Amino acid sequence: VLPVVCGHALEYSAALCNALLQHNVGEAMPLAELISWLSDAGACFHTIGHLKDADAAYARAQSLIEDLQAKGKCTEEYARNQLSRILYNRAVIASESGESAGEAKLLQLSLELDASLEKSHYRLARHYNKAGQPSQALYHLQACVSAGSTDARVYVEMGHSFLHLGQLTQAQVSYERALELEDDLLEAIPPLASIFMQLEEYNEAWAMYRRAMQLDSTLPDALLGMFEAKLKIADWSALSFLQTRLQQMVTAQLAQAGDKPLPISPFVASLAVFNSSMLNAIATRNTQSAVRNVRRVVSYQSPYYDLRLAFASKIVNIAYIVHSSSDFWTSNVELLLACHRDNSAQFRASLYVVDERRKEKWSDMQETVHFISSAEPDAAARLIANHAPRVLIALELAELGAELERILALLPAPIQMAVMQETSPIGGVFSDVDRPISFIMTDTSITPSAMETPERLLVLPCAFVPRFPVMRGPLVLSSSAAVQEAIGDMSPPPFVFAAFAPVELIEPSVFHAWLVILSSTPNSVLLLSVPETNESARANLLAHAEEVVPGVSQHIRFLPHLEREEYLRALASAHLFLDTWVRNSFGSAMDALRLAVPVVTLRGEWFHSRYTGSLLEFLGLNELVTSTPDAYVRRAVEVAASPVIRTRIRALTQLRHDGEVGWLQPCAYARLLESAYVRILNDAVVH
């Protein structure tokens with residue numbers, strides 16, 4: 001093999017290697033020399049990207065060594081050393097060729113020959129982490145550490161494993177060790193910052209994300225992390241700079257996308273906080289691009305099912321996909337599965353959970369809950385298809401993203417649906433017609449009838465799954481000790497506003513509106529849910545309040561973190577719930593309505609600013625849905641000033657709760673879904 005002495009040396013060497021291999025020149029060489037030459041040829045081919053030729057050269061070298069070993073013409077030590085390294089190189093090639101299973105098998109064979117080969121342990125650990133098997137990954141990473149590894153990447157991968165397992169302290173130690181070994185290792189900094197966010201150490205998180213941006217100023221996730229860290233402590237001093245930088249990066253992404261749709265990632269979606277018009281322009285652009293190519297949607301073919309045969313039996317199998325890290329959906333889909341089971345013997349529902357991090361949560365539902373790996377989409381699709389679901393519903397595309405797309409692209413079910421989210425047509429991601437979604441579950445409030453979309457919309461009275469199993473049936477709640485402590489001995493008892501949104505949803509404009517409402521309502525207090533551990537947020541909010549309306553801070557009360565039952569008691573103590581704007585406080589608003597507490601919201605153009613309005617309109621409470629900040633303030637003040645209005649709203653809300661079609665009645669909602677699924681399937685069979 002020629003030495004690399006000029007720009008074309010590798011290509012020329014590869015051409016010579018190929019010619020020599022084809023002419024069996026090795027027959028005239030000593031075997032040891034030929035094996036060495038083949039290994040060099042494999043490395044040469046690999047370097048220039050000729051993966052098949054590289055693997056062929058390594059495979060031939062492997063075959064010669066195994067032949068020598070079988071004939072006893074080489075030492076065991078020589079054979080093991082050579083074979084373990086060749087198998088490792090072939091594993092690298094398999095990985096780059098997209099053959100994940102082949103990579104793992106070759107690495108395991110390599111370690112059987114030489115258990116001390118650190119690079120094989122490391123790559124196999126990476127494979128297991130990608131496959132959602134962090135425990136197996138840790139076994140191999142510990143082998144590297146036990147051997148005295150000083151490779152910072154080993155500790156980064158170990159941090160990933162601990163993070164997957166939810167062991168934050170061990171993950172933090174691993175990432176910090178990686179940075180001790182290599183202080184500018186970018187791979188360790190963002191995940192360490194995310195740990196600080198989870199530990200509510202927001203200033204440390206800010207510093208870490210800023211450090212990442214200093215190393216690479218084009219990292220969108222790091223910029224978004226800086227943005228969120230400041231919002232978490234209600235520190236709005238740096239938002240102007242961050243907003244400008246974020247807008248510049250999104251503009252650059254748009255330019256790079258050309259005429260193709262730009263996925264509405266969490267990073268792009270954060271535009272809603274300060275530039276919803278730009279965000280809506282992106283969504284409209286994406287949708288128009290998709291509508292021009294909508295005919296391509298019908299070209300999908302799946303190897304897994306025949307629709308007519310699948311619908312021939314009377315049992316209707318339906319399936320949901322959720323991610324194990326989602327508390328909201330995992331709680332609600334468990335309730336939904338139970339309702340499907342109780343409603344009728346005709347429907348059989350199952351759940352597919354991506355990632356096994358919380359496998360123990362589902363230990364008592366093994367017959368209906370199945371675990372799949374996003375790292376092996378074909379195996380996941382086959383498992384789903386083997387259970388023959390007629391309808392497959394993706395509940396959280398924002399969380400799963402590309403992981404779920406790889407599975408859905410194989411069409412494991414004849415009808416594949418998604419719940420309207422920020423990644424739906426109003427957000428533009430599903431406007432990319434290469435994504436195999438047949439229907440979007442929505443309602444007329446979330447998706448205006450005039451909206452042009454490439455997907456068919458399944459329009460329901462309300463598009464959302466009822467919240468929390470503990471809320472089935474009537475609620476009988478005593479007074480809240482936390483609220484009593486926060487209010488103290490105010491006489492007469494004050495009018496209580498509640499705004500239980502996470503701190504990061506409280507952006508300046510909505511907070512200023514709350515202050516105006518508070519100052520316009522005599523003898524009132526505003527309850528905010530800010531954990532006692534987040535002293536920075538409490539101090540900043542009070543300082544903002546004094547700056548905008550002097551003296552109003554005396555009427556703001558903070559509640560600590562509350563367990564579920566006490567949280568419901570506190571919420572039930574409120575006279576009026578104030579919703580956030582850019583992103584509605586969806587879960588808390590739903591809970592408030594379940595407790596018949598009136599909710600005032602402002603409906604915007606972006607999905608996250610529309611879903612509380614959806615709930616209110618379904619309950620017939622359109623009067624509580626406003627469209628401008630001034631109207632929001634006026635309506636809240638009017639409702640607060642009128643006991644008659646509040647009593648009427650509570651009575652109407654309670655009436656809709658008790659109705660048979662109420663969305664807060666889980667089994668009634670499940671029947672509504674079942675009826676919609678049957679209509680869709682009948683239509684699909686006919687056409």
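**Exercise 1. Work out how strand E2 of this predicted model is placed among the strands that it pairs with, and how far it is enclosed.**

Step 1. Of the eight residues of strand E2 (residues 347–354), seven are buried, so the strand is largely enclosed by the rest of the structure. In this predicted model, a residue is called buried when its relative accessible area is under 20%.

Step 2. Turn next to the pairing with strand E1 (residues 316–323), which runs parallel to E2 and is joined to E2 by eight bridges. Within this pair, Ile321 stands opposite Tyr352 of E2.

Step 3. E2 also pairs with strand E3 (residues 369–372), again in the parallel sense, over four bridges. Here Leu351 stands opposite Val369 of E3, and Val354 stands opposite Ile372 of E3.

Step 4. The burial of E3 can then be examined face by face: Val369 and Phe371 lie on one side, His370 and Ile372 on the other, and all of them are buried, so that both faces of E3 are covered.

**Exercise 2. Describe the setting of Val333.**

Step 1. Val333 belongs to helix H17, which comprises residues 327–343.

Step 2. The relative accessible area of Val333 is 1%, and because the cut-off for a buried residue is under 20%, Val333 counts as buried.

Step 3. Although Val333 and Tyr320 are separated by 13 residues in sequence, their C-alpha atoms are 7.9 Å apart in space.

**Exercise 3. Reconstruct the six-stranded sheet and place helix H23 relative to its strands.**

Step 1. The sheet is open, its pairing is parallel, and its six strands follow the order E10-E9-E8-E11-E12-E13. The edges are formed by strand E10 (556–559) and strand E13 (625–626), each of which pairs on one side only.

Step 2. Helix H23 (residues 535–548) packs on this sheet, where H23 touches strand E9 (524–529) and E10, and the direction of H23 makes about 165° with that of E10.

Step 3. Elsewhere in the sheet, strand E8 (residues 495–499) pairs with strand E11 (residues 576–578) in the parallel sense over two bridges, and Ala498 stands opposite Phe577 of E11.

**Exercise 4. Test the length of H23 against expectation, and determine how its buried residues are arranged.**

Step 1. With 14 residues at 1.5 Å a residue, H23 should span 20 Å, and because its end C-alpha atoms are 20 Å apart, the two values agree.

Step 2. The buried residues of H23 are to be located next: Ala537, Arg538, Leu541, His544 and Ala545 are buried. Seen down the axis of H23, its buried residues fall within an arc of 130°, and they therefore line one face of the helix.

Step 3. The cover over the buried residues of H23 includes helix H12 (220–232), helix H22 (508–520), E9 and E10.

**Exercise 5. Carry out the corresponding analysis for helix H3.**

Step 1. Helix H3 (residues 51–70) has 20 residues, and the distance of 28 Å from its first C-alpha to its last is close to the 28 Å expected at 1.5 Å a residue.

Step 2. The buried residues of H3 are Leu51, Ala54, Ala57, Tyr58, Ala61, Gln62, Leu64, Ile65 and Leu68. Viewed down the axis of H3, its buried residues fall within an arc of 160°, so they line one face of the helix.

Step 3. On the other side of H3, Lys52 and Ala70 are exposed, whereas the cover over the buried residues includes helix H2 (31–47) and helix H4 (76–96).

Step 4. After H3 comes Gly72, whose phi is positive, near 70°.

**Exercise 6. Decide which parts of the chain call for caution in reading the coordinates.**

Step 1. The chain has a mean pLDDT of 79, and 76% of its residues reach 70 or more.

Step 2. Among the elements of the chain, E11 has the highest mean pLDDT (97), while helix H16 (residues 307–310) has the lowest (39).

Step 3. Over residues 422–434 pLDDT stays under 50, and the model has 66 contacts beyond four places in sequence for this stretch. Over residues 468–474 pLDDT likewise stays under 50, with 22 contacts beyond four places in sequence.

Step 4. Where pLDDT is low, the predicted coordinates should not be read in detail.

Conventions: Residues numbered from 1 in each chain as written. Predicted model: local features only at pLDDT ≥ 70, side-chain atom pairs only at ≥ 80, totals over all residues. Heavy atoms only, no water. Pairing = 2+ DSSP bridges. Contact = heavy atoms within 4.5 Å. Axes fitted to C-alpha atoms, helices over the stretch in contact; angles between N-to-C directions. pLDDT = per-residue confidence, 0-100. Expected span 1.5 Å × (residues − 1). Buried < 20%, exposed > 50% of the residue type's maximum accessible area, 1.4 Å probe, protein only. Arc of directions from axis to C-beta.
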